[in-house]
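Reader: Please take me through some of the labels attached to this model, setting each value against its cut-off.

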Amino acid sequence: MSRIWYELPILQMAEKLHESAIIYYQERPVGTIAAQDPEADALNYDQCFVRDFVPSAFVFLLQKRHDIVQNFLVETLGLQKQVRRVDGFEVPLGLMPASFKVQSEADRQYLTADFGDHAIGRVTPIDSCLWWIIVLRAYVKASGDTALAERSDFQEGLHLIFKLCLSPQFEMSPTLLVPDAACMIDRRMGIDGHPLEIQALFYGALRSARELLTPTSEGSAWIRKIDERLKALRFRVRHYYWLDLDKLNEIHRYKGDQFGESVMNKFNIYPDSIPYWLTEWMPDWAGCLAGNLGPSRMDFRFFALGNLMAIITSLADSTQSQQIMDLIELQWDDLVGRMPMKICFPAVDGLEWRITTGSDPKNTPWSYHNGGSWPVLLWMLMAAAIKTKRQKLGEQAWMTASYRFEEDEWPEYYDGKNGRLVGKSSRKYQTWTIASFLLATLLQDNPEQIAPFIFDEEDSSEI
């Protein structure tokens, strides 16, 4: 490691805090707790969340502490096959838990898992199984341990996930249909349907599985289905989710209520649905992927995780990836501001806030999921910046964050239009904030080490 790692006290503090967040099961490290806030009740923040552990896992892989990630993968895989009933309904196998906790009874330790049945709103953690596959692929590439993924129980775990994701359903779209709050935005925010975040993670999981599945008779069948789905999903998102000034002009002149296969307005998007703010805000030479798409519905909000992961997984093509980074650079004050970066932009307020969130007091305008700023997105911004050779943008975001984390005690999220306020309900000493800062630092210092965490663009002739 270079000089930067050793000389900055904030990095030494971050490393110490990250180390203290590790949880042990039967004397083996198996994950990290969500937060270590000494001034707040633990609630479920003393558990290891699958999505929260992702930046920690990547830090451990870069530090060559492969055993922690391996133990995490093994234990969560064991939890996947737990039979669960919710109000008498037996939940299908395949989902990974949202979180797990180490429990002790007498001289025995055991793990308890939450699959959303204990969560606020009883949300379904669909992103957990997608992140799990991405972490498994990163582990294999970083450690060279292909034998773990080839084990029969890991292959079975992958098959169970794809029995859920690729099974026939009442759908005519290759995108993954999910309920509201099924991902990082785990409260009602009007993202039910085919949200970009899920599609980007789904694409990354499909590409990961394509590398991980063994060509047995069952594995080969899944590979064929994945290849078909990847091609269709890539086309759908790149062509129909894309938004730039040209696309807005096209939508502005759409004719509604058209019938047939060859119509221009395939999803019956009404021109009046284009928000006024977007026509003034979208630069001439930039763009992004829409937040959602469905019948007579296009969510024009900018969703950071979905767009950044679309770059990282190459769901967005190389030109689109550059234009997304152009948009972030040109609208830096709105999307990054004083703390990288906004989970979505803009916030919804007034009557729209009441309808969209159900009057959620935590998701008030410019707070939490409703336009709040999330430090965990720093590592994704850094990875996207490195992948697109726009590293100065990642460094600028890193520098902005480094001035505040220590003083603010590593909060979960920030509030305010510019991200200047520590989140009103934010936990401090949040592990994924700490891990994201460490990961962004490691990637900034050694960009060549990004390979296990990104995906090269596939041949566009396949589309």
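Reader: What makes the meeting of the side chains of Asp186 and Arg51 a salt bridge?

Author: The term requires a side-chain nitrogen of Lys or Arg within 4 Å of a carboxyl oxygen of Asp or Glu, and the side chains of Arg51 and Asp186 meet with an N to O distance of 3.8 Å, so the pair satisfies the definition. Asp186 lies in the loop between helix H7 (152-165) and helix H8 (196-212), while Arg51 belongs to helix H3 (residues 50-62), so the bridge ties together parts that are 135 residues apart in sequence. This is a predicted model, in which local features need pLDDT of at least 70 and side-chain atom pairs count only at pLDDT 80 or more, whereas totals for chains, interfaces and linings use all residues. Residues are numbered from 1 along each chain as its sequence is written, and side-chain values use heavy atoms, with hydrogens and water left out.

Reader: Why is Arg51 called buried, and why is Asp186 called partly exposed?

Author: Buried means under 20% relative accessible area, exposed means over 50%, and partly exposed lies in between (1.4 Å probe, protein chains only). Arg51 has a relative accessibility of 11% and therefore counts as buried, whereas Asp186, with a relative accessible area of 23%, is partly exposed.

Reader: How do you know that Glu75 and Arg28 form a salt bridge, and which parts does the pair tie together?

Author: The closest N and O atoms of Glu75 and Arg28 are 2.5 Å apart, which means that the pair meets the 4 Å limit. Glu75 lies in helix H4 (residues 66-80) and Arg28 in strand E2 (residues 28-32), so parts 47 residues apart in sequence are tied together. Of these partners, Glu75 counts as buried because its relative accessibility is 15%, while Arg28, at 27%, counts as partly exposed.

Reader: What makes Asn363 a buried residue, and what does Asn363 touch?

Author: Asn363 has a relative accessible area of 0%, so Asn363 is buried. Asn363 is placed in the loop between helix H15 (350-357) and helix H16 (377-387). Not counting residues up to four places away in sequence, Asn363 touches several residues, including Arg187, Arg188, Met189 and Trp353, where contact means heavy atoms within 4.5 Å. A polar atom of the Asn363 side chain also lies 2.8 Å from the backbone nitrogen of His369.

Reader: How many salt bridges does a search of the whole structure find?

Author: The search finds 18 salt bridges.

Notes: Helices (H or I, at least four residues) and strands (E, at least two) are DSSP runs, numbered from the N terminus. A polar contact is a pair of N or O atoms within 3.5 Å; within protein, one must be able to donate a hydrogen and the other to accept it, and residues adjacent in sequence count only if both atoms are side-chain atoms.
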